[in-house]
Amino acid sequence: MAGRGQGRADSRCPACGQPLLTQWVGDVAALKARVTLPPPEAHLPYPQALQDRTDNDLVWCLPRLPHRALRLRWTGNRHPPNCPHQHLTSHKCPTQKLF
Ligand SMILES: [Zn+2]
Ligand SMILES: [Zn+2]
């Protein structure tokens with residue numbers, strides 16, 4: 001059975017139209033993650049995402065597993081810097097200037 005949203009964005013930003021992936025992440029204290037969904041071939045290493053994030057932002061790890069729905073995962077201090085998956089920060093809408 002094909003999972004809902006398998007390998008695809010589940011929504012689009014109403015403001016800028018970029019594809020988004022929005023889900024609750026975490027078992028105990030779930031946090032709502034809203035990230036811009038990159039193309040599958042995009043190379044998004046963990047150290048780069050750490051640099052791009054803002055102070056209140058988290059970095060999410062997005063494994064692209066065949067035949068599995070997209071599932072964001074927490075990253076923490078022990079996240080391997082050479083993790084091969086894509087690493088994302090929150091959707092930063094280019095139509096909104098926060099500062
Ligand atoms: Zn990772
Ligand atoms: Zn947007």
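**Two zinc sites in a predicted model**

Hi everyone, let me start at T95, which touches A15 and C16 once we set aside residues up to four places away in sequence. T95 is found in the segment after β6, and its C-alpha atom is separated from that of A15 by 6.5 Å, although the two are 80 residues apart along the chain. T95 counts as partly exposed because its relative accessibility is 47%, and partly exposed means between 20% and 50%. Please keep in mind throughout that this is a predicted model.

One of the residues T95 touches, C16, takes us straight to a metal site. Which residues hold the zinc ion that is ligand 2? The protein donors are C13, C16 and C93, each through SG, and H91 through NE2. These donors lie 2.2 to 2.3 Å from the zinc. Along the chain they follow the spacing C-x2-C-x74-H-x1-C. Why do we call this site tetrahedral? Because the angles subtended by the four donor atoms run from 102 to 122°, and the test asks that all angles lie between 85 and 135 degrees.

Are C13 and C16 buried or exposed? C13 is buried, with a relative accessible area of 6%. C16 comes out at 25%, so C16 is partly exposed, given that buried means under 20%.

Around this part of the chain there is a sheet to look at. Three strands form an open sheet in the order β1-β2-β3, and the pairing is antiparallel. β1, residues 11-12, and β3, residues 31-36, stand at the edges; each has a single partner strand, so one side of each is left without a neighbour in the sheet. β1 is joined by two bridges to β2, residues 19-25, and these two run antiparallel. If you want a pair to find on the screen, R12 stands opposite P19 in β2.

Let me step back to the whole protein for a moment. It has one helix and six strands, and reading along the sequence gives the pattern β-β-β-α-β-β-β. There are 99 residues, of which 29% count as buried. The accessible surface comes to about 7100 Å², with 53% of that belonging to carbon and sulfur atoms. Among contacts with a separation of 6 or more, 57% are between residues 24 or more positions apart. The pair we began with, T95 and A15, is 80 residues apart.

Now for the other zinc. What are the protein donors of ligand 1? Here we have C61 and C83 through SG, plus H79 and H87 through NE2, lying 2.1 to 2.3 Å from the ion. Their spacing in sequence is C-x17-H-x3-C-x3-H. The donor atoms subtend angles of 97 to 116°, so this arrangement is tetrahedral.

H79 deserves a closer look. H79 lies in the loop between β5 and β6. With a relative accessible area of 13%, H79 is buried, and C83 is buried too. The side chains of H79 and H87 are joined by a polar contact of 3.1 Å. Leaving aside neighbours within four places in sequence, H79 is in contact with Y46, C61, W74 and H87.

The loop that holds H79 also holds T75: it runs between β5, residues 73-74, and β6, residues 86-88. T75 counts as buried, since its relative accessibility is 14% and the cut-off is under 20%. Where does the T75 side chain reach? To the backbone oxygen of V59, at 2.6 Å. Beyond four places in sequence, the residues in contact with T75 are Y46, V59, W60, C61 and H87. Y46, C61 and H87 appear in the contacts of both T75 and H79, and C61 and H87 are donors of this zinc.

The last piece is the sheet here. Three strands make an open sheet in the order β5-β4-β6, with antiparallel pairing. β5 and β6 are at the edges, each with a single partner strand, so one side of each has no neighbour in the sheet. Three bridges join β4, residues 60-62, to β6, and the two run antiparallel. Within that pairing, L62 stands opposite Q86.

So, to recap the metals: both ligand 2 and ligand 1 have tetrahedral arrangements of four donor atoms. Thanks, and I'm happy to go back to any of these residues on the screen.

Methods. Residues are numbered from 1 along each chain as its sequence is written. Chains are lettered from A and ligands numbered from 1 in the order in which they are written. This is a predicted model: local features need pLDDT of at least 70, side-chain atom pairs count only at pLDDT 80 or more; totals for chains, interfaces and linings use all residues. Side-chain values use heavy atoms; hydrogens and water are left out. Donors are N, O and S atoms within 2.8 Å of the metal (3.2 Å for Na, K and Ca); water is not among the atoms, so sites may look incomplete. Four donors count as tetrahedral if all angles lie between 85 and 135 degrees; four count as square planar and six as octahedral if opposite donors are over 155 degrees apart and all others between 65 and 115; anything else is irregular. Buried means under 20% relative accessible area, exposed over 50%, partly exposed in between (1.4 Å probe, protein chains only). Helices (H or I, at least four residues) and strands (E, at least two) are DSSP runs, numbered from the N terminus. A polar contact is a pair of N or O atoms within 3.5 Å; within protein, one must be able to donate a hydrogen and the other to accept it, and residues adjacent in sequence count only if both atoms are side-chain atoms. Contact means heavy atoms within 4.5 Å. Accessible areas come from the Shrake-Rupley method with a 1.4 Å probe; for residues, only the protein chains shown count as cover. Two strands pair if DSSP finds at least two bridges between them.
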